[in-house]
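Me: I keep meeting labels such as "salt bridge" and "buried". Please show me how each one is earned here.

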Amino acid sequence: MTVHFSQPSESLSRRILSPVPFKERFPAGRLKPPVGIIPGDVRSLPELHLFLEPDNASLPGINLKGLPEWIEMRIGDTELASSVQKIVNQSVNYVEDCVKVYEVVGLRLDQARKTIKEAE
């Protein structure tokens, strides 16, 4: 899956890299056998990226169908939200979808970090 995003503005880049207010966090959990589900939440795209990082010992538990709306409404990144929505719409399986979302979020974070670095 090849994704092309326009370079984010400095203000969008700051929102991409910053946490949302506590009440706007996105519910998430982690399935870790034999412990079970460990509840948690995600407060930023960097946290989401870390949360979705492939791990052989556990599986992220996140509502991928609700994620595009959170990204658009709380982060303000319509391009990333649209890309995640396409992944959800073309779903292969949950694990592969998580990997694809991990990759596009990582790409967007790299762009945002580059924008901030160039602005300094």
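Reply: Start with helix α1 (residues 10–17) of this predicted model. E10 and R14 sit four residues apart there, so about one helical turn separates them.

Me: Why is the contact between E10 and R14 called a salt bridge?

Reply: The N to O distance is 2.8 Å. The cut-off is within 4 Å, so the pair qualifies as a salt bridge.

Me: How do you know whether E10 is buried or exposed?

Reply: Its relative accessible area is 37%. Buried means under 20% and exposed means over 50%, so E10 falls in between and is partly exposed. R14, with 39%, is partly exposed too.

Me: Why is R108 called buried?

Reply: R108 has 0% relative accessibility. Buried means under 20%, so R108 counts as buried. D77 is also buried.

Me: What makes R108 and E79 a salt bridge?

Reply: Their closest N and O atoms are 3.7 Å apart. The limit is 4 Å, so this pair passes. The two residues come from distant parts of the chain: R108 from helix α5, E79 from helix α4, 29 residues apart. E79 is partly exposed, at 30% relative accessibility.

Me: Which residues are linked with R108 in a network of salt bridges?

Reply: D77 and E79 are linked with R108 in that network. R108 and D77 meet at 2.7 Å, N to O. That is within 4 Å, so their contact is a salt bridge as well.

Me: What makes V95 fit a surface patch?

Reply: V95 has a relative accessible area of 46%. A patch residue needs over 30%, so V95 meets that condition. With L31, I37 and L59, V95 forms a nonpolar patch of about 350 Å² accessible area together.

Terms used:
Residues numbered from 1 in each chain as written. Predicted model: local features only at pLDDT ≥ 70, side-chain atom pairs only at ≥ 80, totals over all residues. Heavy atoms only, no water. Patch = residues over 30% accessible without salt bridge, like charges linked within 9 Å, V, L, I, M, F, W, Y side chains within 5 Å. Areas by Shrake-Rupley, 256 points an atom, 1.4 Å probe, with all protein chains shown as cover. Salt bridge = Lys/Arg side-chain N within 4 Å of Asp/Glu carboxyl O. Buried < 20%, exposed > 50% of the residue type's maximum accessible area, 1.4 Å probe, protein only.
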